[in-house]
Protein chains: 2
Amino acid sequence: MDAGSQKRSAPSWQMIHDGILDAVLRQRIEPGAKLVEEEIAQVYGVSRTVVRAALQALARDGLVILQRNKGASIARPTPEEAREIFEARALIEPEIAARAARRMKPSDAAALSASIDAEHHAFHADNPREAVFHSADFHRRIAALAGHAVFAELLNELLSRSSLVISLYWRRPATLCDNEAHLALATALSSGDEAGAARLMREHVEALLADLDLLPRRHSASGLSAALLPAASQSCKDILQATIAEIDDPGE
Amino acid sequence: MDAGSQKRSAPSWQMIHDGILDAVLRQRIEPGAKLVEEEIAQVYGVSRTVVRAALQALARDGLVILQRNKGASIARPTPEEAREIFEARALIEPEIAARAARRMKPSDAAALSASIDAEHHAFHADNPREAVFHSADFHRRIAALAGHAVFAELLNELLSRSSLVISLYWRRPATLCDNEAHLALATALSSGDEAGAARLMREHVEALLADLDLLPRRHSASGLSAALLPAASQSCKDILQATIAEIDDPGE
DNA sequence: CAAGGCTGGATTGGATACAATCATTGTGTA
DNA sequence: TACACAATGATTGTATCCAATCCAGCCTTG
């Protein structure tokens, strides 16, 4: 209801914003990739004006870095920023889990199961990126169940930035404990165990943080790496076009 | 240093963003006030392009509501949203206080004292709005001392929105316990008492929430009240001009 | 041969013009 | 008189245009 009534006033740049956001969440755009306004404008068939609005919105989300006269590029969180993002999640998400456990209805368990299954399926299909995407979706759905709009917004931003962190600093793409943790969480949530859900969530997020490879080294000098890995920026246009095609043709 | 190095790439709309933000924090613009692009553009001597960017940034901060083809207006948090904002603060700020207590240096105490003094002074000068502004500034400085950029960003947004909540739902403009709480907090922080600072902060924020008048009644029908109290929207231009004058002439 | 300056292309920043939409007022009619 | 409807003015949404800036490659020069 809440989201539905707002749909009528959807800004036109929202589509571009969501398209790039989706590409980030699915790790189809690498951190540091250059986002040229004209290219995106051609992909979506609009003028640069609308693209600029979308890029500024993404910059407010912390996903895009805008440098004056130098354009937009996908953000590259520093190791310290990465740690801070997961520390913030470790504080907020247990509270969200507790509230979700308190308000859960039996019908809500299905949504969580669907997300877990999707993650499980993608994992076994040897598609770790999609698995990570659905993993974040699981956390997002819990936030939706908590019925707390402000917490949900805060977490949404943190989850988006977590995708960047994961593509930069994720150590092992094959982690089984992830699914275990999600299953245990879903069980605690469904049984209304507030304290247990909060504890499991805190441990889960702390485990995620511990699995990051946050070395003090500069992962690679910002400008240099972008020059060394131009694949992302070259294929940015194609990635967005593919994303659009998927949206138009939801029969995935 | 951190902010200084970023200054070179300051976007041009930042000035307008900060101007409107300052007007909100000082409660010179009332929630619900209409923000007409052309007026703001004339005040700042720029075109609507830059103003639109600033308004979109403010919308991402939750301070401005953008409705398609209906323009921008200062947000009016619902009572539920107001409660959620302070619940989020009650969760985040104790953690910030604990981290600040851990990292405090003796020289940092001065900044906190200055903020408390300014609040105290404004309060005794019978200027409750300015007192509220400095009260928020006190919380902001603690976040800066905590040395955690993500928490600081999250709190910054919550503090800005709190200003809207306070101007809508604040019950008693004459609260002495505020200063008491801030003094006790500053003492705990200066002495490095993590647990005490966290506890005091949580109690303080919960007291703030308890002092809000969150009745289920619609505070007033949105359109009607705007018509009954057109002062805010009419003087929006003047408010911004006055704000600019103050910035240009800092000898307040 | 290396270092520094310069020019050309590409890209962004901002202003302006025009189209689209909304709110308000006025008018005609039942 | 009250309601429906159309015209008008105001405001926003988007595209396009031009100036400002940056980047890369080349050239000059010590």
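Chain A and chain B bury about 2500 Å² between them, with 55% of that on carbon and sulfur atoms. Buried area here is the accessible area, taken with a 1.4 Å probe, that two parts lose on being put together, summed over both. Arg60(A), Arg68(A) and Leu91(A) supply 24% of the area that chain A buries against chain B, more than any other three residues.

The model is predicted, and local features need pLDDT of at least 70, side-chain atom pairs count only at pLDDT 80 or more, and totals for chains, interfaces and linings use all residues. Residues are numbered from 1 along each chain as its sequence is written, chains are lettered from A and ligands numbered from 1 in the order in which they are written, and side-chain values use heavy atoms, with hydrogens and water left out.

**The two protein chains**

The contact (heavy atoms within 4.5 Å) takes 30 residues from chain A and 30 residues from chain B. Of the interface residues of chain A, 100% are also interface residues in chain B, so the copies meet through the same surface.

There are six salt bridges between chain A and chain B. A salt bridge is a side-chain nitrogen of Lys or Arg within 4 Å of a carboxyl oxygen of Asp or Glu. Side chains of opposite charge can pair when their charged atoms come close. One salt bridge joins the side chains of Arg161(A) and Glu153(B), at 3.4 Å from N to O.

Between chain A and chain B, 12 residue pairs are in polar contact, both residues being at pLDDT 80 or more. A polar contact is a pair of N or O atoms within 3.5 Å; within protein, one must be able to donate a hydrogen and the other to accept it, and residues adjacent in sequence count only if both atoms are side-chain atoms.

On the side of chain A that touches chain B, α4, α5 (79–103) and α8 (149–169) of chain A each supply at least two residues. Helices (H or I, at least four residues) and strands (E, at least two) are DSSP runs, numbered from the N terminus. The most comes from α5(A), with nine residues. By class, this side of chain A has 14 nonpolar, six polar and 10 charged residues. Ala, Val, Leu, Ile, Met, Phe, Trp, Tyr, Cys and Pro count as nonpolar, Asp, Glu, Lys and Arg as charged, and the others, Gly among them, as polar.

A turn of 180 degrees and a shift of 0.1 Å along the axis lay chain A on chain B with an RMSD of 0.1 Å. The two copies are thus related as by a two-fold rotation axis. The superposition is by least squares on the C-alpha atoms of residues with pLDDT of at least 70 in both copies.

**The DNA strands**

A residue is near a strand if one of its heavy atoms lies within 4 Å of it. DNA strand D has 15 residues around it, and Ser12(A), Ser47(A), Thr49(A), Arg48(B) and Arg52(B) come nearest. DNA strand C is surrounded by 16 residues, the closest being Arg48(A), Arg52(A), Ser12(B), Ser47(B) and Thr49(B). Sugar and phosphate account for 70% of the atoms of DNA strand C that come within 4 Å of the protein. For DNA strand D, 68% of such atoms belong to sugar or phosphate and the rest to bases.

Some polar contacts with the strands are listed here.

| Residue and atom | Partner atom | Distance |
|---|---|---|
| Ser47(A), polar side-chain atom | phosphate oxygen, DNA strand D | 2.7 Å |
| Asn69(A), side-chain N or O | sugar or linking oxygen, DNA strand D | 3.4 Å |
| Glu37(B), backbone N or O | phosphate oxygen, DNA strand D | 3.4 Å |
| Asn69(A), backbone N or O | phosphate oxygen, DNA strand C | 3.4 Å |
| Ser12(B), polar side-chain atom | phosphate oxygen, DNA strand C | 2.6 Å |
| Arg48(A), side-chain N or O | base nitrogen, DNA strand C | 3.0 Å |

The surface near DNA strand C takes two or more residues from α4 of chain A and from α4 of chain B. By class, that surface has four nonpolar, seven polar and five charged residues.

Arg48(A) also meets Glu37(A) in a salt bridge of 2.9 Å, N to O, between their side chains. This pair links distant parts of the chain, with Arg48(A) in helix α4 and Glu37(A) in helix α3 (residues 37–44) of chain A, 11 residues apart.
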